[in-house]
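I set out to record how two chains meet, and how two helices within one of them pack. The entries follow the order in which I looked things up.

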Amino acid sequence: MNLNTISNIRTLAKSSYFQTIYSAAKEQDVKIFENNINFTDLQITFLKYLSFYSSLLTDIALGDIEEIVLTNEIYEDSYMLYKSKKDRKTLASNNKEQSAPQKTSSWIFKNPPRSE
Amino acid sequence: MDEIQKEEKIAEETKKVNDVIDLNNIQDLLKKNEIEFELEGTKYRIKKPDFKQKQEAYQKRIEKFTELLANDKYLLEEGLKKMYLKRGIDLDGMLRKMVQLQKERDNFSLKLGEVIANKGSQSDMEQYKDEIEKLNATIQELSAKRTGLLEFCIENQVLIYTYSYLTSVITDKLVKDGDKENWVKVWNTLDEFQEDKDRIANKISYYAAFIIGMDADI
């Protein structure tokens with residue numbers, strides 16, 4: 001797929017028309033494509049961009065970022081790259097906290113419970 | 001408005017129209033996996049290959065690969081790379097360079113993303129964007145050069161052959177037969193397609209490439 005095609009796919013995925021259909025498809029029985037299986041490369045790329053722009057537009061609506069991000073694809077990609085890296089870091093640190101042994105448990109159970 | 005300005009204006013408007021046409025065509029492709037368009041008074045249709053057509057394309061691919069492999073005149077990608085290396089052209093080195101440039105670009109992207117997330121200044125944003133654009137241009141240049149150099153390896157020739165085969169079987173045109181209209185094949189054989197030097201064949205190949213996509217790499 002050439003860069004012009006990708007840019008066209010992005011324009012369509014960003015449009016309010018397809019974003020509305022995408023939202024409806026997640027909650028109701030609305031189809032984006034005529035086929036439900038055997039998606040083409042083009043369709044899979046389009047689905048990825050629908051999700052990409054849904055997330056980006058939500059952040060703009062919430063006021064997390066300004067609308068200027070939509071003026072250039074490099075801005076859009078850079079923000080989403082930064083966001084995904086930040087989310088991964090947050091997730092990793094949350095997992096670390098959850099998997100760390102509870103210090104109090106060794107104090108409460110001075111002797112480990114016997115196995116039957 | 002002078003002649004140059006007029007021409008620029010026309011070019012700008014033509015581009016806008018082309019962009020809209022492309023968008024509409026791509027929208028149809030996405031929804032229906034088929035595209036209909038008119039060229040020089042004839043209506044054409046390209047449809048996603050069905051299972052049988054894909055199976056046939058796979059067989060053709062095997063036949064072509066075996067045929068080229070049996071011929072000492074042709075080289076596999078690895079062999080071609082070794083020959084280029086003897087001439088001082090390091091294709092693996094080009095790939096490593098591209099990966100390194102992509103890492104540099106991603107670092108700039110992360111910095112730019114942070115500026116956007118923190119609602120930083122527009123001048124900072126533009127500065128990072130310019131750096132990313134420069135790196136993207138170099139990466140694209142290297143990629144195009146590398147792809148061009150590898151064009152004649154067996155793997156790429158087989159891929160081109162498979163695209164051509166699929167394009168020839170999935171393209172129909174609308175023909176009037178009295179009061180009726182029927183979709184008929186544009187080319188009856190792959191040879192007919194390959195011999196067709198008409199610019200319509202080029203345009204059709206362009207659209208067909210979208211539909212075939214990964215199917216050519218079965």
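Entry 1, extent of the interface. I worked from a predicted model. I found 34 residues of chain A in contact with 31 residues of chain B. The area buried between the two chains came to about 3,000 Å², and carbon and sulfur atoms give 68% of that area. I then looked up the leading contributors on chain A: A:Ile74, A:Tyr75 and A:Tyr82 supply 20% of the area that chain A buries against chain B, more than any other three residues.

Entry 2, polar and charged pairs. I searched the interface of chain A and chain B for salt bridges, and the rule finds 0. For polar contacts between the two chains I noted 8 residue pairs, with both residues at pLDDT 80 or more.

Entry 3, the side of chain A that touches chain B. I listed the elements that give two or more residues to this side: α1 (3–14), α2 (16–27), α3 (41–61) and α4 (73–99) of chain A. By class, I recorded 17 nonpolar, 12 polar and 5 charged residues on this side.

Entry 4, two helices of chain A. How do the axes of α3(A) and α4(A) cross? I read an angle of roughly 85°, with the axes coming within 11 Å. Angles of 65 to 115 degrees count as roughly perpendicular, so α3(A) is roughly perpendicular to α4(A).

Entry 5, residues at that crossing. From α3(A) I noted A:Phe52, A:Tyr53, A:Ser55, A:Leu56 and A:Asp59; they meet A:Glu76, A:Asp77, A:Tyr79, A:Met80 and A:Lys83 in α4(A). I sorted the residues of this contact into 5 nonpolar, 1 polar and 4 charged.

Note on methods: Residues numbered from 1 in each chain as written. Chains lettered and ligands numbered in written order. Predicted model: local features only at pLDDT ≥ 70, side-chain atom pairs only at ≥ 80, totals over all residues. Heavy atoms only, no water. Contact = heavy atoms within 4.5 Å. Buried area = accessible area lost by both parts, 1.4 Å probe. Salt bridge = Lys/Arg side-chain N within 4 Å of Asp/Glu carboxyl O. Polar contact = N/O pair within 3.5 Å; in protein donor to acceptor, adjacent residues only side chain to side chain. Nonpolar A, V, L, I, M, F, W, Y, C, P; charged D, E, K, R; others polar. Axes fitted to C-alpha atoms, helices over the stretch in contact; angles between N-to-C directions. Parallel < 35°, antiparallel > 145°, perpendicular 65-115°, else oblique.
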